[in-house]
Amino acid sequence: MDTAMLIMELEKRLPRKRFEHVVRVTETAKELGVRFGVPAEKAEQAALFHDIAKFMEPSDMRRMIEENGEDSKLLSFHHELWHAAAGRIIAEQEFGVKDTDILNAIRYHTTGRAGMSVLEKVVYIADLIEPGRSFPGIEELRESAQLQIDGAMKACIAHSVLYLVERRVAVFPDSIECYNEHVQRD
Ligand SMILES: [Fe+2]
Ligand SMILES: [Fe+2]
């Protein structure tokens with residue numbers, strides 16, 4: 001995959017603000033990758049792709065999910081969750097990405113899941129703590145990401161689940177499983 005070509009594609013498919021978010025997530029993911037032992041090219045590629053489907057029409061994402069054997073449970077949750085599954089399909093089918101770890105990092109960047117790889121965690125965490133984000137508690141999340149990947153993932157998934165619970169929004173089962181795995185570990 002030619003990075004320059006992918007960046008041009010992203011500029012076409014995403015509004016400026018979202019494109020800039022993707023660039024910041026990519027830089028953050030590369031830094032986390034160095035810290036936690038993920039090759040920079042893998043972190044870069046997964047992070048560049050992660051929001052590629054963010055501005056697709058929900059009806060198109062629905063069709064992609066239905067036609068590609070994706071988890072149909074997604075369709076009974078908010079369409080905000082669909083772009084991760086659609087992004088994985090686009091990376092694989094349009095751009096020929098074959099690396100399963102990269103595809104999974106795209107696929108699970110919104111929900112997390114139990115049994116995430118280090119790369120999956122790196123992209124999940126980078127998406128939440130990139131320098132453009134600002135919300136109460138973010139400094140603690142950034143500090144945790146300086147130390148240890150599982151501690152950071154635990155803090156990030158707990159933050160995300162709590163955010164949804166406080167707003168009385170349904171939590172996708174993969175996120176609950178991810179949360180349970182991290183709090184039951186120690
Ligand atoms: Fe996303
Ligand atoms: Fe994102």
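The following paragraphs describe two iron sites, one helix pair and a few single residues in a predicted model. Residues are numbered from 1 along each chain as its sequence is written, while chains are lettered from A and ligands numbered from 1 in the order in which they are written. Local features of this predicted model need pLDDT of at least 70, side-chain atom pairs count only at pLDDT 80 or more, and totals for chains, interfaces and linings use all residues; side-chain values use heavy atoms, with hydrogens and water left out.

A good place to start is the metal centre. The iron ion (ligand 1) has Asp51 (OD), His83 (NE2) and His109 (NE2) as its donors, at 2.1 Å. Donors here are N, O and S atoms within 2.8 Å of the metal (3.2 Å for Na, K and Ca), and sites may look incomplete because water is not among the atoms. Along the chain, the donor residues of ligand 1 are spaced D-x31-H-x25-H. Two of these donors link distant parts of the chain: histidine 83 belongs to helix H5 (residues 82–93), whereas histidine 109 sits in the loop between helix H6 (100–107) and helix H7 (118–129), 26 residues apart. Helices are DSSP runs (H or I, at least four residues) numbered from the N terminus. Histidine 83 is buried, at a relative accessible area of 2%, and histidine 109 is buried with a value of 2%. Buried stands for under 20% relative accessible area, exposed for over 50%, and partly exposed for what lies in between (1.4 Å probe, protein chains only).

The iron ion (ligand 2) lies 3.6 Å from the iron ion (ligand 1), and aspartate 51 coordinates both. For ligand 2, the protein donors are His21 (NE2), His50 (NE2), Asp51 (OD) and Asp127 (OD), at 2.2 to 2.3 Å. Their spacing along the chain reads H-x28-H-D-x75-D. Histidine 21 in helix H2 (residues 16–36) and aspartate 51 in the loop between helix H3 (40–49) and helix H4 (58–67) are 30 residues apart, so this pair too links distant parts of the chain. Histidine 21 is buried at 4% relative accessibility, as is aspartate 51 at 2%. The four donor atoms of ligand 2 make angles of 82 to 175 degrees, and the site is irregular. Four donors would count as tetrahedral if all angles lay between 85 and 135 degrees; four count as square planar and six as octahedral if opposite donors are over 155 degrees apart and all others between 65 and 115, and anything else is irregular.

Attention now turns to helix packing. Helix H1 (residues 3–13) packs against H3 at an angle of about 15 degrees, with the axes 10 Å apart. Axes are lines fitted to C-alpha atoms, for helices over the stretch in contact, and angles run from 0 to 180 degrees between N-to-C directions. H1 and H3 are therefore roughly parallel (under 35 degrees; over 145 is roughly antiparallel, 65 to 115 roughly perpendicular and the rest oblique). On the H1 side, Thr3, Leu6, Ile7 and Leu10 meet Glu44, Leu48 and Phe49 of H3, where contact means heavy atoms within 4.5 Å.

Some single residues complete the picture. Threonine 28, in helix H2, is buried at 8% relative accessibility. Not counting residues up to four places away in sequence, threonine 28 touches Ala126, Ile129, Glu130 and Pro131. Arginine 168, by contrast, is exposed at 71% and is placed in the loop between helix H9 (149–166) and helix H10 (173–184). Its phi is near 55 degrees, a positive value in a residue other than glycine. Leucine 147 lies in the loop between helix H8 (138–144) and H9 and is exposed, at 68% relative accessibility. Leucine 147 and arginine 35 are 112 residues apart in sequence, with a C-alpha to C-alpha distance of 8.8 Å in space.

Technical notes: Helices (H or I, at least four residues) and strands (E, at least two) are DSSP runs, numbered from the N terminus.
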